[in-house]
Amino acid sequence: MTIDIVTIFPRMVEAGLAEGVVGRACAAGRIDVVVHNLRDFTTDKHHVVDDVPFGGGPGMVMKPKPFFAALAAIRARRGTPDAVVLLSPAGERFTQAHARRFVEKAHLVLLCGRYEGIDERVREALATDEVSIGDYVLSGGEIPALAVVDAVARLVPGVIGDEQSVEADSFTRGLLDYPHYTRPAEFEGRRVPDVLLSGHHEEIRRWRRDTALKRTADRRPELLHDAALDADERALLRAWDVPGVHAERQNKGSK
Ligand code: 9D3
């Protein structure tokens with residue numbers, strides 16, 4: 001898959017793409033990420049990308065023309081992209097469901113804003129999707145774009161060495177993860193739960209499932225609504241008096 005990212009801070013985005021899972025996926029050619037400097041698509045001497053807001057008020061607004069020119073250049077090179085994602089605090093909350101949808105696209109474009117916002121005509125004419133990564137104020141769309149690339153890249157076949165870890169991923173099941181431990185078995189007076197040292201694989205599996213479920217019920221009960229739960233898990237939740245747990249319901253997808 002190919003991802004074009006348009007930003008006024010290309011080095012910030014390049015730096016984030018160079019490391020870790022995404023860095024290796026790029027190096028291996030499993031994803032092709034191209035970062036474009038929005039200022040390269042200006043035609044004035046000073047490469048201006050922002051202007052004062054019509055109607056007045058504080059801050060600056062990103063001009064539409066450089067974004068339109070960037071998209072035109074991307075289209076000329078690779079054809080019309082399958083999705084153009086505007087990173088914006090007013091977007092839908094980005095979730096694993098978006099990542100699953102975006103990974104099906106052969107060609108994605110991510111548009112990063114800065115300043116108070118982007119001229120509305122960019123959204124209207126260019127964007128197919130508009131996403132936010134959460135309800136906190138960042139200085140622009142670059143970190144959100146990196147979050148989207150990371151989440152999507154992990155779903156590209158072969159990017160995560162161990163396919164099982166993608167499948168077992170907490171969010172794949174719609175639950176929080178179980179607690180993890182490694183050596184030593186006792187650290188600063190804190191012991192690893194005996195069951196994990198027991199070698200009883202079935203008991204370990206059940207402990208992990210139960211603790212993941214309990215954590216989710218305690219911390220993120222709203223996740224249970226869409227989680228892929230079997231009859232045993234529903235029975236546990238009812239035993240713990242977690243509200244809103246009904247008898248078996250067909251879940252979307254597998255499990
Ligand atoms: C203080 C300015 N805000 C007034 C309500 C509006 C605002 C404009 C531009 C807030 C943040 C930004 C820059 N942020 C993004 O472009 C952004 C973002 C974010 O801030 N949080 C979570 N996800 C995203 S995606 C893009």
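Here is a friendly exchange about a predicted model, its ligand site, a small sheet and two backbone details.

Me: What makes the backbone of Ile133 a polar contact of the ligand?
Reply: A polar backbone atom of Ile133 is 3.0 Å from a nitrogen atom of the ligand. The cut-off for a pair of N or O atoms is within 3.5 Å, so this pair counts.

Me: How do you know that Tyr136 and Leu138 make polar contacts with the ligand as well?
Reply: For Tyr136, a backbone N or O atom lies 2.8 Å from a nitrogen atom of the ligand. For Leu138, a polar backbone atom is 2.9 Å from an oxygen atom of the ligand. With the limit set at within 3.5 Å, both pairs therefore qualify. As for cover, the ligand has 570 Å² of accessible area on its own, and the protein covers 71% of that.

Me: Which residues come nearest to the ligand, and how many are around it?
Reply: There are 16 residues around the ligand, and Glu116, Ile133, Gly134, Tyr136 and Leu138 come nearest. The ligand takes up the space of the second largest pocket. Two elements, strand S5 (83-93) and strand S8 (129-132), give two or more residues each to the shell. S5 has the largest share, with 3 residues.

Me: What makes up the shell by class?
Reply: The shell has 9 nonpolar, 6 polar and 1 charged residues. Gly134 is among the nearest residues, and Gly counts as polar in this scheme, so Gly134 belongs with the polar group.

Me: Why are S3 and S7 called edge strands?
Reply: The sheet is open, with 3 strands in the order S3-S4-S7 and mixed pairing. Strand S3 (50-51) and strand S7 (117-118) each have a single partner strand, so one side of each has no neighbour in the sheet.

Me: How do you know that S3 and S4 pair?
Reply: S3 and strand S4 (residues 61-62) are joined by 2 bridges and run antiparallel. Pairing requires at least two bridges, so these strands meet the requirement. Asp50 stands opposite Met62 in S4.

Me: What makes Tyr115 worth a look?
Reply: Tyr115 is not a glycine, yet has a positive phi of about 60 degrees. Most residues other than glycine have a negative phi. You will find Tyr115 in the loop between strand S6 (107-112) and S7.

Me: Why is the bond from Arg183 to Pro184 called cis?
Reply: The omega of this peptide bond is near 5 degrees, and the bond is cis. Most peptide bonds are trans. Pro184 is in the loop between helix H8 (170-173) and strand S9 (186-187).

Note on methods:
Residues numbered from 1 in each chain as written. Predicted model: local features only at pLDDT ≥ 70, side-chain atom pairs only at ≥ 80, totals over all residues. Heavy atoms only, no water. Near = heavy atom within 4 Å. Polar contact = N/O pair within 3.5 Å; in protein donor to acceptor, adjacent residues only side chain to side chain. Areas by Shrake-Rupley, 256 points an atom, 1.4 Å probe, with all protein chains shown as cover. 1 Å grid on protein atoms, 1.4 Å probe; cavity = no way out; pocket = protein on both sides within 12 Å on 5 of 7 lines; lining within 4 Å. Sits in = over half its atoms within 2 Å of the grid points. Helix = DSSP H or I, 4+ residues; strand = E, 2+ residues; numbered from the N terminus.
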